[in-house]
Amino acid sequence: SLQTRYAQLVIGPAGSGKSTYCANLQRHAEACRRRILVANLDPAAEHFDYQPVADVRDLIQVHDAMEDSELAFGPNGGLVFCMDYLAHNLDWLDNALDAVAEDEYLLLDCPGQIELYCHLPVMRQIVDYLQSREFRLCSVFVLDSQFLVDPCKLVSGLFAALSAMVNLELPHVNLLSKLDLLSRAQKRQLTDYLEPDLAHLLAEHGGPLSARYAGLNAAVVDLIDSYSLVRFVPFDVSDEQCVTDALLQERDYEAAEGGAEHERVNGDGDCEGEIGAVGGGPQFNVEDHLDFGS
Ligand SMILES: Nc1nc2c(ncn2[C@@H]2O[C@H](COP(=O)(O)OP(=O)(O)OP(=O)(O)O)[C@@H](O)[C@H]2O)c(=O)[nH]1
Ligand SMILES: [Mg+2]
């Protein structure tokens, strides 16, 4: 029978820092003499700083769909076409991921087009397939920390995260990127924003329309609260502790799904007790959050 492997689906808006996160995590693991594998699932990728174990561009590239005289897609339609092509050729993915051994950890660097996560079936098909190949998955939604600073952007970012979460039905971690770009004052505010009081933020900073939409805002706040979505894991590459904490959170969430089996992942590297060994057990019960009824 197949053996359990572990993977993160790294998703989030265009340019939010997904590929950079993957590269940083791979580098971090190397420094700990562990191995984190990365697969590029972005058919439009032009550059990334990791060594991919699999690259969807070997199967299809966005240029193929744009330059084909019959298809003649633009860049976004072309991307959707390519992802659909991947979803219909998942044997390729399975072969490409043969190199991922039991207990190994894989990151899937995904494209940034938000429609892939909100209403198209493609990513869900990929998730289902990977699960059938004994991959234990979680999604890591990378959001630019600039979003936090503006309550309206925060709400729209959260809605994007929520729709991905509902669509993919995976344990979900929100990861804040680009912390190094925040000003000192913004950094000081950050602790308030990591578990923000949305109702308060919208009332205080919501702009001229917020009074008119007070009822709507309250409903939004309620919805987001009820999915326990308003929590962020800060990620600053220049801060090793931060990288370690983020990994712990992710393991924690996956462990909530994977149970005790997860303990084995750790291996014997220097980072024992850092990646994988989670004290106190998971605070997040996936079942509670992802039971959308049937
Ligand atoms: N300063 C800083 N820049 C970052 C960080 N993360 C990403 N960037 C920059 O943001 C830009 C986009 O980063 P990517 O990692 O390519 O983002 P992405 O989400 O993979 O983008 P798409 O694949 O196009 O959706 C690049 O110029 C990165 O160097 C960060 O933590 N700090
Ligand atoms: Mg990318």
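1. A good way into this predicted model is a single residue pairing: Ala7 has Leu137 as its bridge partner in strand S5. Ala7 also has a partner in strand S4, namely Leu106. One step back along the chain, Tyr6 is matched with Arg136 in S5. Behind these pairs, seven bridges join strand S1 (residues 5–11) to S5 (residues 135–144), and the two run parallel. Five bridges join S1 to S4, again in parallel.

2. Now for the whole sheet. What is the order of its strands? The sheet is open and has seven strands, in the order S3-S2-S4-S1-S5-S6-S7, with parallel pairing. Strands S3 (52–55) and S7 (233–234) stand at the edges with a single partner strand each, so one side of each has no neighbour in the sheet.

3. Going from S4 towards S3, you meet strand S2 (residues 36–40), which is joined to S4 by five bridges and runs parallel to S4. Within that pairing, Ala39 stands opposite Leu108 of S4. On the S7 side of S5, six bridges link S5 to strand S6 (residues 172–177), also in parallel. Here Leu143 is opposite Leu176 in S6.

4. Are the residues of S4 buried or exposed? Five of the five residues in S4 (residues 105–109) are buried. Tyr105, Leu107 and Asp109 point one way and Leu106 and Leu108 point the other way, yet all are buried. S5 is mostly covered too, with eight of its ten residues buried.

5. Helix H6 (residues 122–132) is worth a look next. H6 lies across S1 and S5, and runs at about 145° to S5. Val127 sits in H6, and counts as buried because 20 other C-beta atoms lie within 10 Å. Which residues does Val127 touch, leaving aside those up to four places away in sequence? They are Leu9, Leu137, Leu168 and Leu170. Leu137 is the S5 partner of Ala7 from the first point. For a sense of distance, the C-alpha atoms of Val127 and Ala39 are separated by 14 Å, while the two residues are 88 apart along the chain.

6. Leu168, one of the residues touched by Val127, belongs to the buried set of helix H8. That set also includes Pro151, Leu154, Val155, Gly157 and Leu158, and further along Ala160, Ala161, Ala164 and Met165. As background, an α-helix has 3.6 residues a turn, so residues three or four places apart point the same way. Does the length of H8 come out above, below or in agreement with expectation? At 1.5 Å a residue, the 18 residues of H8 (residues 151–168) should span 26 Å, and the end C-alpha atoms are 25 Å apart, which agrees. Just past H8, Glu169 takes a positive phi of about 50°.

7. Two other residues deserve a check of their backbone angles. Most residues other than glycine have a negative phi. Ala72 is not a glycine, yet has a positive phi of about 45°. Ala72 is found in the loop between helix H2 (62–67) and helix H3 (75–87), and counts as exposed because there are 11 C-beta neighbours inside 10 Å. Glu134 has a positive phi as well, near 65°. Where does Glu134 lie? Glu134 is in the loop between H6 and S5. With 13 C-beta neighbours inside 10 Å, Glu134 counts as partly exposed.

8. Then there is ligand 1. How many residues surround ligand 1? There are 14, and the closest are Gly17, Lys18, Ser19, Thr20 and Gly112. Helix H1 (residues 18–31) gives the most to this shell, with three residues. By class, the shell has three nonpolar, seven polar and four charged residues.

9. Last, the overall tally. The chain has 13 helices and seven strands. Of its 294 residues, 39% count as buried. Among contacts with a separation of 6 or more, 74% are between residues 24 or more positions apart.

Conventions:
Residues are numbered from 1 along each chain as its sequence is written. Chains are lettered from A and ligands numbered from 1 in the order in which they are written. This is a predicted model: local features need pLDDT of at least 70, side-chain atom pairs count only at pLDDT 80 or more; totals for chains, interfaces and linings use all residues. Helices (H or I, at least four residues) and strands (E, at least two) are DSSP runs, numbered from the N terminus. The expected span of a helix is 1.5 Å times one less than its number of residues. A residue is buried if 20 or more other C-beta atoms lie within 10 Å of its own, exposed if 12 or fewer, and partly exposed in between; C-beta atoms are placed from the backbone. A residue is near a molecule or strand if its C-beta atom, placed from the backbone, lies within 6 Å of it. Ala, Val, Leu, Ile, Met, Phe, Trp, Tyr, Cys and Pro count as nonpolar, Asp, Glu, Lys and Arg as charged, and the others, Gly among them, as polar. Two strands pair if DSSP finds at least two bridges between them. Two residues are in contact if their C-beta atoms, placed from the backbone, lie within 7 Å. Axes are lines fitted to C-alpha atoms, for helices over the stretch in contact, and angles run from 0 to 180 degrees between N-to-C directions.
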